[in-house]
Amino acid sequence: MCGIIGIVGKNPVNQLLYDGLLVLQHRGQDAAGIVTCDGNTFFMHKNNGLVKDVFHTRHMRSLVGNAGIAHVRYPTAGSSSAAEAQPFYVNSPFGIVLGHNGNLTNSEQLKSEMFRQDLRHINTSSDSEVLLNVLAHEIEKTSQNAVLNTDMAFHAVSAVHRRCKGAYAVVAMIANFGLLAFRDPHGIRPLVIGKSESDKGTEYIVASESVALDVLGFKLVRDVEPGEAIFIDMDGNFYSRQCAENPKLTPCIFEYVYLARPDSVIDGVSVYQTRLDMGTSLAKKIKRDWSHLKIDVVIPIPDTSRPSALQLGITLGLDYREGFIKNRYIGRTFIMPGQALRKKSVRQKLNPIGIEFKGKNVLLVDDSIVRGTTSQQIVQMARDAGANKVYFASAAPPVRFPNVYGIDMPSRDELLATGRTDEEICKEIGADELIYQDLDELVNDVRLSNPSMEVFDCSCFDGKYVTGDIDDAYLARIESARGDLNSKQKPANSSTQMDLNLVGANEEDEAVEA
């Protein structure tokens with residue numbers, strides 16, 4: 001999961017890009033980067049860390065230009081090296097920078113093609129660098145060193161769709177030409193378009209979530225359609241074209257469960273309203289199948305589950321209470337690298353309010369259960385605080401399968417629900433009862449806001465991968481690669497890591513003449 005932004009404005013965009021990344025920080029805490037474009041020159045700064053720590057005043061002053069792209073990252077493919085912070089850059093043809101949200105499922109095949117056929121070198125293990133080089137190669141083929149135009153750019157995106165498999169929402173900047181953005185033919189990852197009118201003309205923005213538009217003062221125009229490419233030239237002229245042969249909207253349903261901010265609207269669906277509806281349907285299940293439970297209070301696991309827990313309590317006529325206080329200075333534990341760090345962070349992140357638990361039968365509500373690390377510790381916290389009974393409800397179905405489209409849950413042996421019954425999961429987390437949302441109800445909850453949506457990528461729940469290229473052999477390969485990477489991880493002060501940092505993400509700013 002990553003967050004991307006691209007802006008073509010009438011004034012310097014460095015502050016807009018920075019503020020937009022702050023709003024999208026929940027989509028990636030590992031690294032951040034901004035590239036601006038002034039004429040034929042790119043100005044870049046990127047590094048590991050949170051947005052507020054990566055960018056200082058001296059960096060912002062050097063990011064000049066009225067157009068640019070930006071990215072926040074957490075790694076699902078490749079490594080966490082600063083060399084893999086985005087955006088990525090290639091100098092041929094024309095000079096292109098690119099930021100990518102998603103995950104290519106055929107990146108190894110593409111790497112081989114890059115080396116043998118396209119004669120391009122991939123310097124990192126990031127699939128985003130592969131995607132950039134595929135795009136650059138296809139632009140080079142279609143332009144044949146001529147003056148680039150929009151038809152050529154759209155033709156190149158069509159070729160990217162034919163070659164690349166998986167999930168990708170992309171913002172790219174071509175030096176002295178404009179902003180190119182596109183979404184994979186399944187629309188798995190979100191991408192929205194906004195605009196703002198001023199006395200100097202129209203400014204455009206493309207971003208992962210509509211909340212970035214709200215905060216920056218842009219009006220939401222629409223979502224980028226699956227397979228569609230849009231192009232905005234440096235004068236602010238807007239062009240769009242469908243570049244895929246058989247596009248079909250199948251967005252990742254986990255965006256609505258957990259990933260997106262509640263104040264975002266994705267593909268016409270309010271994330272907040274969906275989470276309220278998830279609480280309503282879960283309450284109906286409890287009333288139907290679990291009416292024997294004597295529940296005194298409903299308590300959410302902050303923050304994502306609050307709307308669902310609140311609506312569940314209202315529907316059942318139960319008291320809703322805030323039972324955990326959250327330390328705002330600890331990141332989202334779901335996207336923290338390493339199980340040991342997750343375990344340590346949960347107890348630092350949440351602290352129970354004793355009077356809300358002592359002597360009560362509590363129903364804890366969370367958005368989902370992935371690895372079970374958080375759930376197990378929270379149940380124990382509730383017991384330690386004096387709860388009589390601890391029931392646990394998940395607003396999402398059991399996560400039993402890896403997600404290969406850009407969410408950090410690639411190994412089946414890391415998923416608590418894989419190979420376990422609900423009763424076994426309940427015992428594992430230490431709860432008295434465990435209640436899961438039904439998948440068909442979750443789908444209906446999302447569709448309530450936009451009935452035209454027919455199909456979703458629910459692969460982490462049902463094991464059905466919408467791109468049609470995922471089998472057990474593929475899953476075994478990525479799990480093996482993940483295990484090898486963890487076992488061979490070098491310390492940050494190794495000479496190899498130091499060299500990569502110097503090449504890929506210097507502390508000093510980079511200016512690149514395209």
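In the predicted model, helix H5 (residues 127-143) packs against helix H6 (residues 150-163) at an angle of about 130°, and their axes lie 8 Å apart. H5 and H6 are therefore oblique to each other, since this angle falls outside the range of 65 to 115 degrees for roughly perpendicular axes and is not over 145, the limit for roughly antiparallel ones. The crossing formed by H5 and H6 is right-handed. On the H5 side, the contact is made by Leu 131, Val 134, Leu 135, His 137, Glu 138, Ile 139, Thr 142 and Ser 143. H6 contributes Met 152, His 155, Ala 156, Ala 159, Val 160 and Arg 163. Classified by residue type, the contact of H5 with H6 comprises 8 nonpolar, 4 polar and 2 charged residues.

A second helix pair is formed by H9 (residues 271-289) and H14 (residues 439-447), which pack at an angle of about 140° with their axes 8 Å apart. H9 and H14 are therefore also oblique to each other, as angles count as roughly antiparallel when over 145 degrees. The crossing of this pair, H9 and H14, is right-handed. Within the contact, Thr 274, Asp 277, Met 278 and Ser 281 of H9 meet Glu 441, Leu 442, Asp 445 and Val 446 of H14. The contact of H9 with H14 contains 3 nonpolar, 2 polar and 3 charged residues.

Conventions:
Residues are numbered from 1 along each chain as its sequence is written. This is a predicted model: local features need pLDDT of at least 70, side-chain atom pairs count only at pLDDT 80 or more; totals for chains, interfaces and linings use all residues. Side-chain values use heavy atoms; hydrogens and water are left out. Axes are lines fitted to C-alpha atoms, for helices over the stretch in contact, and angles run from 0 to 180 degrees between N-to-C directions. Helices (H or I, at least four residues) and strands (E, at least two) are DSSP runs, numbered from the N terminus. Angles under 35 degrees count as roughly parallel, over 145 as roughly antiparallel, 65 to 115 as roughly perpendicular and the rest as oblique. A crossing is left-handed if the near helix is turned anticlockwise from the far one by less than a right angle, and right-handed if clockwise. Contact means heavy atoms within 4.5 Å. Ala, Val, Leu, Ile, Met, Phe, Trp, Tyr, Cys and Pro count as nonpolar, Asp, Glu, Lys and Arg as charged, and the others, Gly among them, as polar.
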